[in-house]
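Biologist: Please take me through one part of this model closely, namely the surroundings of the ligand. I would also like to know how far the model can be read.

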Amino acid sequence: MILASFSTPAPRGKSFAGLAIMALSLSPEGVLAQDRAALEGPGLSIISGLSIIYAVAAVLLVLLGFGLARALGKGRALTSAKNLLNAETADRVAAESGKRESDENFLRLVEGVTDYAIYMLDPKGYVTTWNAGAERIKGYTAGEILGRHFSLFYTAEDRAAGVPAKVLETAAREGRYVSEVTTRVRKDGSRFHASIVLDRLTDPSGNLMGYAKITRDVTERVEQQAALEDARAALSQAQKMEAIGHLTGGIAHDFNNMLAVIIGALNMIQRRIGRGDYNVEPLVQAAVEGAMRGASLTQRLLAFARKQVLEPRVLDANKLVGGMSDLIRRALGETIQTEIVTEGGLWRLFADAHQLETAIINLVVNARDAMGDGGKLTVETSNAAIADTYGRQHGIEPGQYVAICVTDTGAGIAPDVVDKVFDPFFTTKKTGTGLGLSMVYGFVKQSGGHVKIYSEQGHGTTVKIYLPRYFGPKEEQKDAAPIAAPNAKGETVLVVEDEAAVRKLTVQSLADLGYKVVEAENGERALELLEAHPEVSLLFTDVVMPHMNGHQLATEALTRKPGLKVLYTTGYTRNAVVHNGVLDPDVKLLHKPFTLDALAHAIRRAIDTN
Ligand SMILES: Nc1ncnc2c1ncn2[C@@H]1O[C@H](COP(=O)(O)OP(=O)(O)OP(=O)(O)O)[C@@H](O)[C@H]1O
Ligand SMILES: [Mg+2]
């Protein structure tokens with residue numbers, strides 16, 4: 001860098017040497033390297049244009065420096081500057097011709113590329129250059145397309161929607177327009193999937209010179225992707241069908257067993273009564289037990305389907321788990337050691353206490369089954385703040401949770417079945433229903449939580465339940481005190497139920513309990529009866545009924561008779577009372593099917609509370 005010896009300050013504080021070096025740094029090689037890089041993202045010709053301008057500027061500046069030096073009468077500097085200038089001019093001439101050559105090489109390269117359509121547009125969108133790739137992809141020869149507008153490549157719909165103009169606008173405004181997958185039209189009218197990049201080209205002072213456009217035909221890739229997605233959808237459909245097959249098969253099988261018990265018992269009762277033998281109590285008992293098993297099966301299915309009616313309240317998991325310790329120890333037997341570890345300062349959570357207990361018991365029973373030869377069971381509670389990354393890795397929504405972990409030192413789960421254990425009816429046990437973990441899963445999901453299982457074959461298993469932390473005001477509810485005498489004190493109950501058999505049974509049961517009963521098969525009739533019987537103190541209504549549902553009925557009934565007590569009953573949750581499977585806090589609801597005892601308590605409680 002001989003030019004560095006010139007140190008006369010340049011107008012904007014930059015030395016001549018600096019400017020000359022700037023110019024030299026834009027050597028032909030440099031430009032070629034830039035242009036090569038620009039093949040992937042264009043912007044090419046500006047740089048080679050700039051290099052010419054800088055080179056010329058450098059020569060002019062050298063000349064200017066030379067003049068200044070002479071004016072200062074520095075003879076020796078003059079001579080050496082002259083020499084330098086000569087040398088520089090010769091270099092420049094060589095550089096210029098090298099650059100021209102490299103530009104030509106570059107153009108040839110671009111023209112020869114066949115995988116990409118590379119072409120330029122003028123500021124209005126008319127095609128000004130066209131390479132071999134463009135001809136191959138779009139079907140036009142250069143002769144056919146040069147001078148025509150690029151909107152030709154768009155579909156008629158896109159043209160009608162003004163897309164080409166918007167694309168140019170975007171590129172002009174933002175410097176670039178990119179579309180990963182879009183549809184373009186070939187000369188023969190056929191369509192293809194294209195990935196395009198459109199770059200704005202400007203001169204050094206920022207004036208729009210036109211656009212460089214690169215288009216790739218990605219039809220094959222898009223079609224492969226679509227085929228892959230179809231295959232995936234088909235697979236998941238097949239898996240779904242398999243799961244439904246399992247589910248229906250399992251339900252049918254279990255229900256058949258229960259129905260066999262019930263029907264068998266009822267048949268025998270009929271026969272005995274027919275011959276005057278009234279010793280039917282054990283048979284009645286068997287039938288009731290069979291039916292109760294059916295009811296509990298539907299509860300578990302509803303739990304899995306996340307359609308059960310939850311009655312969440314603010315809970316202290318430490319208290320809940322502590323309260324279960326006797327039950328847990330009894331369930332486990334003597335060969336299994338138990339440890340319950342509760343974290344101090346545990347956050348509160350908001351969930352259905354009864355369901356949570358059931359979930360924990362399911363886990364404990366599984367742990368017991370896994371530890372046939374004894375072992376150790378640990379139930380732990382802890383606060384768990386799930387961070388973004390951890391959550392993403394483990395499929396848990398980031399946030400604050402209360403974790404309840406049940407760990408055993410049992411047989412563990414084989415890696416190839418660990419993904420299936422939450423499936424309904426998946427069981428490896430002779431007498432298992434395979435519904436335990438699916439209940440846990442459904443309940444936890446319905447409560448806004450997560451459940452994770454970690455298992456090592458031969459060592460043991462941990463199941464972790466995460467339930468969302470409760471942030472609201474402290475409102476831990478006491479369990480309502482059991483009501484001693486669930487019998488009637490002469491009150492009148494209005495029973496509304498569209499299913500005749502259920503209504504009949506309910507009316508009989510309430511009459512047995514000593515209530516006076518009026519009954520209606522729908523909401524309209526119920527409102528009439530309410531007028532006719534001002535002594536009605538409780539409306540006991542089904543929730544899901546045609547025309548007027550239970551909630552609408554109750555709303556209307558309450559405007560007519562403000563002090564009226566209301567108790568709902570339902571087997572479903574899709575209704576107006578129950579929002580997202582969660583009861584409105586002050587609504588009373590009795591699950592179907594219910595026992596006489598449950599009915600007696602619920603009716604009494606509904607009448608007695610304000
Ligand atoms: N703690 C555990 N250790 C080892 N295997 C387990 C554990 N928990 C669950 N499993 C496996 O997951 C399966 C499904 O469990 P799930 O509780 O859903 O049904 P089940 O226990 O087989 O039947 P049920 O709950 O009606 O007794 C089990 O059969 C067992 O193979
Ligand atoms: Mg189980």
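Modeller: What follows covers the shell around ligand 1, then a set of paired strands, then the confidence of the model. The model is predicted, and its chain has an average pLDDT of 80. A score of at least 70 is reached by 80% of the residues.

Around ligand 1 there are 22 residues, and those that come nearest are Asn 366, Ala 370, Thr 427, Gly 432 and Gly 436. Two elements give two or more residues to this shell: helix 13, which spans 353-370, and helix 15, which spans 436-446. Helix 13 gives the most, with four residues. By character, the shell around ligand 1 divides into 12 polar residues, eight nonpolar and two charged.

The strands to look at next are 7, 9 and 10. Strand 9, residues 375-386, pairs with strand 7, residues 336-341, in the parallel sense, and six bridges link them. Within this pairing, Val 379 of strand 9 stands opposite Ile 340. Strand 9 is also joined to strand 10, residues 399-408, by 10 bridges, and these two run antiparallel. Here Leu 377 has Asp 408 in strand 10 as its bridge partner.

Two stretches call for caution. Over residues 1-74 pLDDT stays under 50, and the model has 86 contacts beyond four places in sequence for them. Residues 475-485 also stay under 50, with eight such contacts. Predicted coordinates should not be read in detail where pLDDT is low.

How values were computed:
Residues numbered from 1 in each chain as written. Chains lettered and ligands numbered in written order. Predicted model: local features only at pLDDT ≥ 70, side-chain atom pairs only at ≥ 80, totals over all residues. Pairing = 2+ DSSP bridges. Near = placed C-beta within 6 Å. Nonpolar A, V, L, I, M, F, W, Y, C, P; charged D, E, K, R; others polar. pLDDT = per-residue confidence, 0-100. Contact = placed C-beta atoms within 7 Å.
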